[in-house]
Amino acid sequence: MLPTVPRPLADLARPQPVTGLILTGGGARAAYQVGVLAAVAQLRRDAGATHTNPFPVISGTSAGAINASALACHADDFDGAVDGLVHLWQSLHVESIYRADAFQAVKSGARWVSMLSLGWALARWTRTRPRSLLDNSPLRELLGRYLNMDRVEAMLDAGHLRALALTGSSYTSGQHVTFFQTHHHVVPWLREQRMAVQARLTLSHLMASSAIPFIFPAELLDLEGEPEWFGDGSMRQSAPISPAVHLGAERVLVIGAGRMKEPEGRRHQATDEHPSMAQVAGHALSNIFLDALAVDVERLRRINRTLALLPRESRSATALRPIELLVIAPSRRLDDLAGEHQASLPPSVRAMLRAFGVSGKGRTTSGSALISYLLFEPSFVGELINLGMSDTLARRAEVQRFFGWPAKAPQLDPAALRRSRSAGFAAGC
């Protein structure tokens with residue numbers, strides 16, 4: 001047995017609330033989450049609070065499900081898990097996520113363009129039934145090498161993790177489903193068009209949760225003994241924060257993948273030209289990935305404000321409880337950032353996107369929102385990671401208050417630390 005690092009007496013006397021982590025979707029935008037996590041890890045080290053996993057409850061959706069699973073699989077080493085995620089994301093290229101060679105891009109893109117331009121007659125004539133715009137088989141291969149989902153059970157057994165939840169949306173039944181894995185007693189919840197199912201989470205759950213609609217193919221999963229086709233968990237997700245709360249979180253850190261609120265008065269000048277397919281697709285994806293989170297954050301804050309106005313007796317009579325909430329989201333428009341880096345996409349992908357109406361350069365790029373979900377290239381990913389780190393460190397005091405971390409690392413007596421470590425080692429043996 002390894003010796004245990006003692007916690008300060010004040011911490012032992014005052015149990016810390018269970019902290020949940022919400023990682024939302026957004027394709028390549030999820031690199032921002034890694035930057036936030038890297039900054040949180042740094043602040044945690046600065047505070048000397050490295051004795052336990054800071055997020056015993058983790059809930060992920062879409063690309064956020066991949067980051068969530070990586071943290072859960074290595075819940076015994078948060079710093080190592082974050083370093084691994086930084087290394088993984090920084091080494092990504094488009095080809096790591098989807099087939100981007102000229103033949104595959106033209107083949108898949110041409111099928112969709114044919115379907116959309118010449119209609120059902122041509123599709124019937126060619127017997128073409130494209131499953132998605134892009135083939136994401138490289139992502140499955142990458143995750144198969146990088147993640148061992150069996151470790152989730154080991155982390156639960158050892159007490160490093162309380163619960164992991166991954167969310168998908170069923171094309172078969174229309175249900176929005178949260179699959180969760182835990183050793184704690186949790187009654188699966190059922191709400192209007194959303195439900196929870198306890199399951200042993202696998203690579204297929206990750207692929208299903210991150211299957212961006214139209215862009216990546218659906219995944220077949222078992223739902224209560226019946227096979228159903230699942231796509232991205234951000235679709236029909238009306239309450240992104242809910243899974244963490246159901247699984248026992250008493251305070252929640254939410255890391256978004258897009259600005260929660262646009263500046264007042266921001267308007268784009270309308271033109272006579274009809275919106276391109278890329279603009280429409282980008283708008284639809286932003287609605288899927290961003291809007292539900294903003295609404296749920298506002299809902300939770302409103303509940304907290306209402307509960308604060310109630311007398312203690314009234315609060316104890318309701319099943320609702322206040323949930324401390326910290327939201328960290330990009331301070332810049334990621335659409336604009338993606339437009340600045342679109343040239344780093346492979347020529348075959350750029351050609352395919354031009355067929356859907358992507359045009360222009362830099363911040364004037366038409367269809368930059370769509371690009372931002374597909375731009376798995378080091379230049380864009382690196383900027384997102386740096387932005388996540390800087391946004392978080394700019395709110396250093398707020399993050400420290402949320403976790404109850406001191407602004408400076410605690411001053412420890414080395415002799416007392418050696419004695420307590422010896423006592424912990426003896427007790428463990």
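What volume does the second largest cavity have? The answer is about 70 Å³, and we will come back to what surrounds that space after a look at its bigger neighbour in the ranking. Keep in mind as you read that this is a predicted model.

Let us start with the overall tally. The model holds 3 cavities of 30 Å³ or more. The largest cavity contains about 160 Å³ of space. Its lining is made up of 15 residues, and those closest to the centre are Ala63, Ile66, Ile97, Leu139 and Phe376. If you would like to find these walls in the structure, begin with three helices: H3 (63-73), H4 (78-90) and H8 (137-146) each give at least two residues to the lining of the largest cavity. Helix H8 provides the largest share, with 3 residues. What kinds of side chains would you meet there? Sorted by class, the lining of the largest cavity has 12 nonpolar and 3 polar residues, and no charged ones.

Now back to the second largest cavity. The residues that line this space are His176, Thr178, Trp189, Arg194, Met195, Gln237, Ala239, Pro240 and Pro243. Here strands come into view: strand E4 (176-182) and strand E6 (194-198) are the elements that supply two or more residues to the lining of the second largest cavity. By class, the lining of this second cavity counts 5 nonpolar, 3 polar and 1 charged residues.

Put side by side, the lining of the largest cavity has no charged residues, whereas the lining of the second largest cavity includes 1.

How values were computed: Residues are numbered from 1 along each chain as its sequence is written. This is a predicted model: local features need pLDDT of at least 70, side-chain atom pairs count only at pLDDT 80 or more; totals for chains, interfaces and linings use all residues. Side-chain values use heavy atoms; hydrogens and water are left out. On a 1 Å grid over the protein atoms alone, a cavity is a set of points where a 1.4 Å probe fits but cannot get out, and a pocket is an open set with protein on both sides within 12 Å along at least five of seven lines; lining residues have an atom within 4 Å of a point. Grid points are joined across faces, edges and corners, and a volume is the space filled by probe spheres set on the points. Helices (H or I, at least four residues) and strands (E, at least two) are DSSP runs, numbered from the N terminus. Ala, Val, Leu, Ile, Met, Phe, Trp, Tyr, Cys and Pro count as nonpolar, Asp, Glu, Lys and Arg as charged, and the others, Gly among them, as polar.
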